[in-house]
Amino acid sequence: MSEPSPPTAPRPDLRDLTREELRTFVATLGEPSFRGDQIFRWLWKRGARSFDAMTDLPPALRAKLATTAAIGSVEAARIDVSGDGTRKFLVRLSDLRDVESVLIPEGDRMTLCISSQVGCALACQFCATGTMGLLRNLTPSEIAGQVLLAHEELLARPHGGHPDRDRPITNLVYMGMGEPLHNYDNVLASLRILTDEQGLGYPPRRITVSTVGLVPQMSALGEAIAVNLAVSLHAPNDDVRGSIMPINRKWPMAALLAACREFPLGTRRRITFEYVLLAGVNDQLAHAEELAHALEGLRCKVNLIPWNEHAGAAFTRPTMVAVRAFEQRLMLLGVDTTVRTTRGRDIDAACGQLALSNRGATRA
Ligand code: SAH
């Protein structure tokens, strides 16, 4: 009987690599490292889908790459357009799993909200993605590839039926499916790729990473790269936070807020605290007062998000009167506060509505 042949190692996806790593990779093939820069530009600036397209590389190198490496890409399995111009991408991964990205025109901005995991392990009680559990991490290629996909869509259909909304992407937010800091290494690699000036060149100040508050990873991120940080606080004290966010047992508010105080903020930046308003749970004026007190001395703003309903949880969205009263009380106490306008609700693209397991038969 012949020996079973050893499994062949999968070819590395060159879109997983930062430019520095690509320079090292080509050096292992005996090539000068500037070839790594060239390949990086082809992958991220020009959206090349094959090594053949990289016409300024020597043909022998193109041939070698074609047998030793791969170019990963994600595809749009479906794009839904909301009445408000928001576009939701059902992003198909190579193993046929899906995640979602959301492209949101707002004033002068065009914000792309991207996913970092298939599902999520954190199980926040009010979040639809939290009901899925964690299926897997996205690779750097899959995270940053969502941006390429949105660029392609904007080239093909610049305004998506909304002529006044024709503009390039100005901001990136890691607020889609998953907990970015639970997939720290791949998220950081994707940030290095997306901010590289030889690629898409997004300035770090235009990028926001949102987290439930994984304290060690928050500090690491702050030292690694100057992107903005948003923290999903959602409560003024441990009792309320612990009842809706299991992570609060591991990293209670004192540890979380201490990490926020130590987070290295640049000259202009401040931390954003997200606060989902759940009627009767965390939306009382006494909560606003306790919150203002907890945030004293922090360079921050609070972004209130009236809860977006979904089938997976039985909370109630507060009335706009209650939302405004909460906002006013925080403002009165000196906390800079905004209310996040709900976008794309008609296509289930709003915050916390991204989930795939409870997608009905008509939606798949
Ligand atoms: N895991 C990260 C990234 C998700 S960002 C984080 O938790 O920060 C999405 C934001 O929407 C988070 O602040 C999240 O708590 C909030 N959210 C989740 N479900 C929501 C819902 N149903 N309505 C409104 N906001 C929700």
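Trainee: Is Ser101 buried or exposed in this structure?

Mentor: The model is a predicted one, and burial is read from relative accessible area, where buried means under 20%. Ser101 has a relative accessible area of 1%, so Ser101 is buried. The residue belongs to strand S3.

Trainee: Which side chain does Ser101 join through a polar contact?

Mentor: For a polar contact, one looks for a pair of N or O atoms within 3.5 Å. The side chains of Ser101 and Gln146 are joined by such a contact, at 2.9 Å.

Trainee: I should like to turn to the ligand. Which residues come nearest to the ligand?

Mentor: The shell around the ligand holds 20 residues, and those that come nearest are Ser210, Ser232, His234, Trp307 and Asn308. By class, the shell divides into nine nonpolar, nine polar and two charged residues.

Trainee: Which strands each supply at least two residues of that shell?

Mentor: They are strand S8, residues 207-211, and strand S10, residues 271-277.

Trainee: How far is the side chain of Glu179 from a nitrogen atom of the ligand?

Mentor: An N or O atom in the Glu179 side chain is 3.0 Å from that nitrogen. On the oxygen side, a polar side-chain atom of His234 lies 2.6 Å from an oxygen atom of the ligand. The side chain of Glu274 also has an N or O atom 3.3 Å from a ligand oxygen.

Trainee: How much of the ligand surface does the protein bury?

Mentor: One compares the ligand taken alone with the ligand in place. Alone, the ligand exposes 530 Å², and the protein buries 96% of that area.

Trainee: How many aromatic pairs are there?

Mentor: Rings pair if their centres lie within 6.5 Å. The count by this rule is two aromatic pairs. In one of them, the ring centres of Tyr275 and Phe326 are 5.2 Å apart and the planes meet at 35°, so this pair is tilted. Tyr275 lies in strand S10 and Phe326 in helix H11, residues 320-332; the pair thus links distant parts of the chain, 51 residues apart. Both Tyr275 and Phe326 are buried.

Trainee: What is the geometry of the pair formed by Trp307 and Phe315?

Mentor: Planes over 60 degrees apart count as edge-to-face. Trp307 and Phe315 form an edge-to-face pair, with 70° between the planes and 5.8 Å from centre to centre. Trp307 is also among the residues that come nearest to the ligand.

Trainee: Why is Trp307 counted as buried, and why is Phe315 counted as partly exposed?

Mentor: The cut-off for buried is under 20%, and partly exposed begins above that range. Trp307 is buried because its relative accessible area is 3%. Phe315 is partly exposed because its relative accessibility is 23%.

Trainee: Where do arginine side chains lie over the face of a ring?

Mentor: For Arg, the test is that CZ be within 6 Å of the ring centre and within 35 degrees of the ring normal. Arg15 lies over the face of Trp44, 5.3 Å from the ring centre. Arg46 lies over the face of Trp42, at 3.9 Å from the ring centre.

Trainee: Which residues other than glycine have a positive phi?

Mentor: The sign of the backbone angle is what one reads here. Examples include Leu96, with phi near 70°, and Ala123, with phi near 55°. Leu96 is in the loop between strand S2 (87-92) and strand S3 (98-106). At 63% relative accessibility, Leu96 is exposed. Ala123 sits in the loop between strand S5 (117-119) and strand S6 (134-137), and at 30% relative accessibility it is partly exposed.

Trainee: How far apart in space are Gln125 and Met245?

Mentor: One sets the separation along the chain beside the C-alpha distance. Gln125 and Met245 are 120 residues apart along the chain, and their C-alpha atoms are separated by 6.4 Å. Gln125 lies in the loop between S5 and S6 and is partly exposed, with a relative accessible area of 42%. By the same reading, Ser33 and Glu179 are 146 residues apart in sequence and 34 Å apart from C-alpha to C-alpha.

Terms used:
Residues numbered from 1 in each chain as written. Predicted model: local features only at pLDDT ≥ 70, side-chain atom pairs only at ≥ 80, totals over all residues. Heavy atoms only, no water. Near = heavy atom within 4 Å. Polar contact = N/O pair within 3.5 Å; in protein donor to acceptor, adjacent residues only side chain to side chain. Areas by Shrake-Rupley, 256 points an atom, 1.4 Å probe, with all protein chains shown as cover. Helix = DSSP H or I, 4+ residues; strand = E, 2+ residues; numbered from the N terminus. Nonpolar A, V, L, I, M, F, W, Y, C, P; charged D, E, K, R; others polar. Phe/Tyr/Trp six-rings, centres within 6.5 Å; stacked < 30°, edge-to-face > 60°. Buried < 20%, exposed > 50% of the residue type's maximum accessible area, 1.4 Å probe, protein only.
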